[in-house]
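Visitor: I have a structure open on my screen and plenty of questions about the words used for it. Could you take me through them?

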Amino acid sequence: MAASDINRSLVSELVAMGFSEARATKALHSSGNSSLEAAVNWIIDHENDADIDEMPMVHVDITETPSAGFDSEQVKLKAQELRERARKRREEEEKKLEREREKERIRAGKELLSTKRMAEENERKRFEAQRKAEKEEERRARERIRQKLQQDMVERRARLGSSMNSSTSSKSIETSKQEFKDPLKVDFSASSGYTATKKEVLMECLRSLRRQHEEEDEKVQRAFKALLVYVRNVVSNPDEGMFRKIRLSNPAFQARVGIFKEGVQFLELCGFERGEGSDFLVLPRNKVDMALLRSAGMVLHSAITNPFFGLLSK
């Protein structure tokens, strides 16, 4: 440390306050030898320095006459005052520093939250894009299977030497579509000229349900399974009236079957009847057709187990 003059009287006052001579000398030298307050502030700021009690290589001005007769009580009060000022200054600095830290924590928290939200939004968009691509691939796969089945059917007909010309085929297909449009309006009497079996009508009713609600596959499957339970209960217990009577306003029925008009139509095709103004579907005992109900069960089983049921015959 370069040599410099140190005011001896200030050193004496600091020593009288309880500081070592080395610490007092170093504090005055480092604070510019200007005042006791500056020296005390320096000591408080550097009291944890390892070399604070090492005597600096400085020249002490001995030409100045030291202040004589320090009042010990006054010195203590002055030292206490200087320490209190230094303490308050340090507290203010620490408070200011803490405010800056808090601002930084808030800023970092906002930045982290913004980053998290952005990541979640990107993940949501990625999931939606992936789901859309999967649905499109499923649709293409169904279309390829449908075309392949149609091609196979045409080839089989050609091999069998079918004599049906294209105009007759078109007319027959159009007639079938019109007849299957509403299964409830099909006339099974011999005079109607309709050649489809009851099983085919049941099948078309379920196909219509699947096609009309293709985007609600989970609900459709739940409806199929519920219908199968109703049919099996009657087949297993035809004499039990409780299995031949369904309350339309029942929440469970509404949640599974009642939300689809085709579901109610299927039950009516199985023989269930709804009286005018009645809240029940009832299958009279004398109208229980076991063969029809077994056919209904087979159709429902096919609808449940075949993932492409109703989707390849649009």
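Guide: Start with helix H9, which lies across S3, S4 and S5 in this predicted model. The angle that H9 makes with S5 is about 30 degrees.

Visitor: What makes the sheet there an open one, and in what order do its strands come?

Guide: The order is S3-S5-S4, 3 strands with antiparallel pairing. Strand S3 (245-247) and strand S4 (273-274) are the edges; each has a single partner strand, so one side of each has no neighbour in the sheet.

Visitor: How do you know that S4 and strand S5 are paired?

Guide: Pairing asks for at least two bridges between the strands. S4 and S5 (residues 280-282) have 2 bridges in the antiparallel sense, and therefore they count as a pair. You can look for Glu273, which stands opposite Val282 in S5.

Visitor: Which residues does Phe272 touch, leaving aside its neighbours within four places in sequence?

Guide: Phe272 is in contact with Val234, Phe243, Arg244, Lys245, Ile246, Leu267, Leu281, Val282 and Leu283. Phe272 is also one of the residues with the most contacts inside the largest nonpolar core, along with Leu202, Leu206, Phe224, Phe266, Cys270 and Leu300. That core has 35 residues.

Visitor: Which helices supply at least two residues each to this core?

Guide: They are helix H6 (198-212), helix H7 (217-236), helix H8 (251-258), helix H9 (261-269) and helix H10 (290-305). H7 gives the largest share, 8 residues. Apart from this core lies another, of 18 residues, including Leu10, Val11, Leu14 and Ala86. As a general point, nonpolar side chains tend to be buried together in soluble globular proteins.

Visitor: Why is Cys270 called buried?

Guide: Buried means under 20% relative accessible area. Cys270 has 1% relative accessibility, so it counts as buried. Cys205 is also at 1% and is therefore buried by that cut-off.

Visitor: How do you know that Cys205 is not bonded to Cys270?

Guide: A disulfide needs two cysteine sulfur atoms within 2.5 Å. The sulfur of Cys205 has its closest cysteine sulfur in Cys270, 8.6 Å away, so the two are too far apart for a bond. Seen from Cys270, the closest cysteine sulfur is that of Cys205, again at 8.6 Å. The count by this rule is 0 disulfides.

Visitor: Why is helix H3 described as largely enclosed by the rest of the structure?

Guide: In H3, 7 of the 10 residues are buried, so the description follows. The buried ones are Leu36, Ala39, Val40, Asn41, Trp42, Ile43 and Ile44.

Visitor: And what makes Glu37 partly exposed?

Guide: Partly exposed covers the range between under 20% and over 50%. Glu37, found in helix H3 (residues 36-45), has a relative accessible area of 32%, so it belongs in that range. Not counting residues up to four places away in sequence, Glu37 touches Leu82 and Arg85. Glu37 and Arg83 are 46 residues apart in sequence, yet 8.5 Å apart in space, C-alpha to C-alpha.

Visitor: Which residues of helix H1 are buried?

Guide: In H1 (residues 8-16) they are Ser9, Leu10, Val11, Glu13 and Leu14. Just after H1 comes Gly18, with a positive phi of about 115 degrees.

Visitor: Which helix has the lowest mean pLDDT among the elements of the chain, and which has the highest?

Guide: Helix H5 (residues 166-180) has the lowest, 46, and H7 has the highest, 94. Over residues 163-173 the pLDDT stays under 50, and the model has 1 contact there beyond four places in sequence. Residues 175-195 are also below 50, with 23 contacts beyond near neighbours in sequence. Where pLDDT is low, the predicted coordinates should not be read in detail.

Visitor: How does the chain look as a whole?

Guide: The chain has 10 helices and 5 strands. It has 314 residues, of which 28% count as buried. The average pLDDT is 79, and 79% of the residues score at least 70.

Technical notes:
Residues are numbered from 1 along each chain as its sequence is written. This is a predicted model: local features need pLDDT of at least 70, side-chain atom pairs count only at pLDDT 80 or more; totals for chains, interfaces and linings use all residues. Side-chain values use heavy atoms; hydrogens and water are left out. A nonpolar core is a set of buried Ala, Val, Leu, Ile, Met, Phe, Trp, Tyr and Cys residues joined through side-chain atoms within 4.5 Å. Buried means under 20% relative accessible area, exposed over 50%, partly exposed in between (1.4 Å probe, protein chains only). Helices (H or I, at least four residues) and strands (E, at least two) are DSSP runs, numbered from the N terminus. Contact means heavy atoms within 4.5 Å. Axes are lines fitted to C-alpha atoms, for helices over the stretch in contact, and angles run from 0 to 180 degrees between N-to-C directions. pLDDT is the predictor's confidence in each residue, from 0 to 100.
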